[in-house]
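Welcome! Here is a short briefing to help you find your way around a sheet and the helices that pack on it.

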Amino acid sequence: MRASARLSTMKSPTELAATLARQWRDSSVREARLLDPREWPIRLPIGRPKPSVIRNDTSRVRQHLTHWRHVAVGHVEWEDVPYRAVAEPVALPLHWVLATPDEWARACGDPLVRQEQQRLQRLLSRVDGSLHSLLVRQVRLWRERPDGDVEQAARLALRLEPGMAAGQPLRSLSLCGIDSKFFERNRSLVQGMLDLRLEGQASALGLEAFLGALDEGDHWLLVAPLAPGLLPFAQIRLRARELRAKPLPAARICVVEN
């Protein structure tokens with residue numbers, strides 16, 4: 001048992017892969033490694049067996065060496081280490097060296113990490129460098145969105161200026177080829193990009209106020225029950241924001257626009 005406990009100083013490829021995956025999920029580490037070439041290569045210490053392990057648990061040492069010989073990602077640095085218990089120096093893996101973000105992602109052995117790394121590599125090649133830190137740090141903003149929307153949001157964020165909506169609804173802005181529902185689908189992404197570019201002004205004011213757009217929550221809507229007994233009136237006008245806060249007592253709702 002004592003020898004097994006000491007063997008924990010030797011890290012397996014699986015243990016270091018888990019460490020690499022945790023590092024990927026740390027936004028600060030991810031940003032540093034993906035945006036600063038000076039962070040490369042990564043050299044992860046593997047550790048070495050204690051003399052007592054070499055003497056008393058050679059089968060575990062052989063298993064450890066076998067695991068590292070089968071590592072196919074990056075480069076494993078080996079070194080001959082002398083031990084009193086054996087006649088010849090023992091060739092041991094001492095460092096796992098990864099040269100690129102692609103190798104980092106593959107070494108994690110996590111499909112989600114690999115998918116995120118591949119998407120980030122693609123997005124960073126297509127989006128202005130001033131927005132790279134946001135995409136790298138806040139994966140949740142784009143993970144569920146198609147690449148096209150992310151790229152359009154980036155182009156849009158670089159063109160939007162305070163007050164430019166001039167009292168029109170956000171959906172009426174026709175920039176960078178966006179459709180009328182673009183802000184609805186990608187509001188948090190566009191706002192995050194604007195915040196990065198303009199020091200948080202969009203979040204501080206709210207997107208509509210920042211752009212001088214009409215707040216569509218202030219629109220008046222006409223509500224009329226289509227079956228007896230649903231509502232205690234024939235018609236009523238409500239602001240959109242009030243209607244969102246109070247569900248209507250009906251299984252089906254007919255919406256007539258324009």
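The points below go through the sheet, its strand pairing and its helices.

Please keep in mind as you read that this model is predicted. At its heart, for this briefing, is an open sheet of three strands with antiparallel pairing.

**The sheet**
- Going across the sheet, you meet the strands in the order E1-E3-E2.
- Strand E1 (42-45) and strand E2 (75-81) are the edge strands, and each of them pairs on one side only.
- On average, neighbouring strands here are turned by 35° against each other, direction ignored.
- As general background, strands of a sheet pair through backbone hydrogen bonds, and they can do so in a parallel or an antiparallel way.

**How E1 meets E3**
- Strand E3 covers residues 90-98, and four bridges join E1 to this antiparallel partner.
- Isoleucine 42 has leucine 98 of E3 as its bridge partner.
- Leucine 44 is likewise matched in E3, where its bridge partner is tryptophan 96.

**The two faces of E1**
- Ile42 and Leu44 make up the covered face of E1.
- Arg43 and Pro45 belong to the uncovered face of E1.

**Helices on the sheet**
- Helix H2, made of residues 13-25, lies across E1 and E3 and runs at about 20° to E3.
- Helix H5, made of residues 58-69, also packs on the sheet, where it touches E2 and E3.
- The direction of H5 makes about 40° with that of E3.

Note on methods: Residues numbered from 1 in each chain as written. Predicted model: local features only at pLDDT ≥ 70, side-chain atom pairs only at ≥ 80, totals over all residues. Heavy atoms only, no water. Pairing = 2+ DSSP bridges. Axes fitted to C-alpha atoms, helices over the stretch in contact; angles between N-to-C directions. Contact = heavy atoms within 4.5 Å. Buried < 20%, exposed > 50% of the residue type's maximum accessible area, 1.4 Å probe, protein only.
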